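Work through the exercises below with the sequence and the model open side by side. Each task is followed by a solution in steps.

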Amino acid sequence: MKVLLIGPRPPPHGGISVHVSGIQRQLLAAGVTCRVLDTSLVHPGWGFGWAVLRHAFEGWTLHLHTNGHNVKSWLLALGCGLAGQASGGGILTLHSGMVPRYLEAAPRWRRRLAAFTCSLYRKVICVSPEIRSALLSLGSEPRRMEVLPAFLSAESPEVAPESELEAWIGLHRPLFSTVLFFRPEYGFDLLVAALARLKCLYPSLGCLVMGSGEQQAEAGERVREAGLQESIRLLGDVNHNACLALMSAGDVFVRPTLEDGDSISVREALSLGVPVVASRTGTRPPGAILFRPGDVAEMAAKVELALAVKRGKQPPAAGCMDRLMAIYRQVDGGEGRLCLN
């Protein structure tokens, strides 16, 4: 079995890229030949298309990871789906919590494009039930659809913070953390507003913000406007092990998103025993403390509630790797075209 993962890989260390990197690591550890075609570095074109098609003709199982909430994503999925016909059909994973709203508002031709594209894949993996429902509303075949959160397994952090950051952490309690991209749907402005409220109750609070994005400069200005430059550290892109270590050092992990899928970072924080406060959107695992998306007052109140929660690791969450291995065996490009069960 040979698997070609098509999708972004770190850096930056976002949900999809961390997931792709983790799958490759676990496949290689299991003795499976695996390569990654990094879509964040390669502009789709003849060279990219030929690389995908060549792997398909050579019997590789193609597994595309994409967000699914814009035309570019679906055109990429269309191309990879067509190429995958050379090896019996590939696998598509849709990650974004914005997929349902995107498809609902899309014109008819985009909805038909999405439906036809899904029909090209042997298996379409949706990271949340809402994504599956949106695809079924297009007429996609239920037997092709599967809900599988993009959470491989819990990992223990092995990296200590740098000395300067460690000293800063020591001066700030309670300590919060979050992982996001600086885009509107991630709710950074809401986080700042909630922290400004909490600052009145906890003058020495601190918050570690991990992530990058096109609006990072504006985020820094927002922090200064709120007078929280001594309380909020914008760390930028942080490698996965360091991210887990910083999550573990915090008292509460916060996920203020306005729209979401099934957040890997939420599941990771819970697996580390860190209380989680998250917006009630997308798919949230048991144990997360939820608030109405966009409600700053309720978010601050739920953070106060979380601070009273006794830390303790959740029972080990079932990762998706075992199921992924079963899917890879079913869709093995080296075995030729197989019938769906």
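**Exercise 1. A crossover**

What kind of unit do E10, H11 and E11 make? Work from the strands to the helix; the model is a predicted one.

Solution.
- Step 1. Locate the strands: E10 covers residues 252-255, and E11 covers residues 276-279.
- Step 2. Establish their pairing. E10 and E11 are parallel and share three bridges; in one of the pairings, Phe253 has Val276 of E11 as its bridge partner.
- Step 3. Add helix H11, residues 264-271. Together, E10, H11 and E11 form a right-handed β-α-β unit.

**Exercise 2. The other neighbour of E10 and its two faces**

Which strand is joined to E10 by two bridges, and are the faces of E10 covered or open?

Solution.
- Step 1. The strand is E7, residues 175-179, which runs parallel to E10.
- Step 2. For the register, take Phe176, which stands opposite Val252 in E10.
- Step 3. Sort the side chains of E10 by face: Val252 and Val254 lie on one side, Phe253 and Arg255 on the other.
- Step 4. These four residues are all buried, so both faces are covered.

**Exercise 3. The start of H11**

Is Ile264 buried or exposed, and which residues does Ile264 contact beyond its neighbours within four places in sequence?

Solution.
- Step 1. Ile264 is placed in helix H11.
- Step 2. The relative accessibility of Ile264 is 12%. Buried means under 20%, so Ile264 counts as buried.
- Step 3. With neighbours within four places left aside, Ile264 is in contact with Gly15, His19, Ala150 and Phe151.
- Step 4. Place two of these partners: Gly15 and His19 fall within helix H1, residues 15-29, and His19 is among the buried residues of H1.

**Exercise 4. Length and cover of H1**

What span should the 15 residues of H1 have, and what is the distance between its end C-alpha atoms? Which elements cover its buried residues?

Solution.
- Step 1. At 1.5 Å a residue, and counting one less than the number of residues, the expected span is 21 Å.
- Step 2. The end C-alpha atoms of H1 are 21 Å apart, in agreement with the expected span.
- Step 3. List the buried residues of H1: Ile16, Ser17, Val18, His19, Val20, Gly22, Ile23, Gln24 and Leu27.
- Step 4. Their cover includes strands E1 (2-7), E2 (33-38) and E3 (61-66), together with helices H10 (240-249), H11 and H13 (321-330).
- Step 5. Just after H1, Gly31 has a positive phi of about 85°.

**Exercise 5. Salt bridges**

How many salt bridges does the structure hold? Why does the pair Glu259 and Arg101 tie together parts that are 158 residues apart in sequence?

Solution.
- Step 1. The total is 17 salt bridges.
- Step 2. Side chains of opposite charge can pair when their charged atoms come close.
- Step 3. Glu259 and Arg101 meet at 2.7 Å, N to O. Glu259 is in the loop between E10 and H11, while Arg101 is in helix H4 (residues 99-105), so the pair ties together parts 158 residues apart in sequence.
- Step 4. Check accessibility: Glu259 is partly exposed at 22%, and Arg101 is partly exposed at 48%.
- Step 5. For Arg144 and Glu141, the N to O distance is also 2.7 Å. Here Arg144 is buried at 13%, whereas Glu141 is partly exposed at 29%.
- Step 6. Arg292 forms a salt bridge with Asp295 at 2.8 Å, and a network of salt bridges links Arg292, Asp295, Glu298 and Lys302.

**Exercise 6. Two cores**

Which residues touch the most other members of the largest nonpolar core, and which residues does the second core include?

Solution.
- Step 1. The largest core has 37 residues, and those touching the most other members are Ile6, Trp74, Leu103, Val124 and Leu135. Helix H3 (residues 71-84) gives the largest share of this core, six residues.
- Step 2. Take Leu103: beyond residues up to four places away, Leu103 touches Trp74, Arg111, Ala114, Ala134, Leu135 and Leu138.
- Step 3. The second core is separate, has 28 residues, and includes Leu190, Val223, Leu228 and Met299.
- Step 4. Leu190 lies in helix H8 (residues 188-199) and is buried at 15%. Its contacts, leaving aside neighbours within four places, are Pro256, Leu258, Gly294, Val296 and Met299.

Technical notes. Residues are numbered from 1 along each chain as its sequence is written. This is a predicted model: local features need pLDDT of at least 70, side-chain atom pairs count only at pLDDT 80 or more; totals for chains, interfaces and linings use all residues. Side-chain values use heavy atoms; hydrogens and water are left out. Buried means under 20% relative accessible area, exposed over 50%, partly exposed in between (1.4 Å probe, protein chains only). Contact means heavy atoms within 4.5 Å. Two strands pair if DSSP finds at least two bridges between them. A crossover is right-handed if, with the strands pointing away from the viewer, the path from the first strand over the helix to the second runs clockwise. A salt bridge is a side-chain nitrogen of Lys or Arg within 4 Å of a carboxyl oxygen of Asp or Glu. A nonpolar core is a set of buried Ala, Val, Leu, Ile, Met, Phe, Trp, Tyr and Cys residues joined through side-chain atoms within 4.5 Å.
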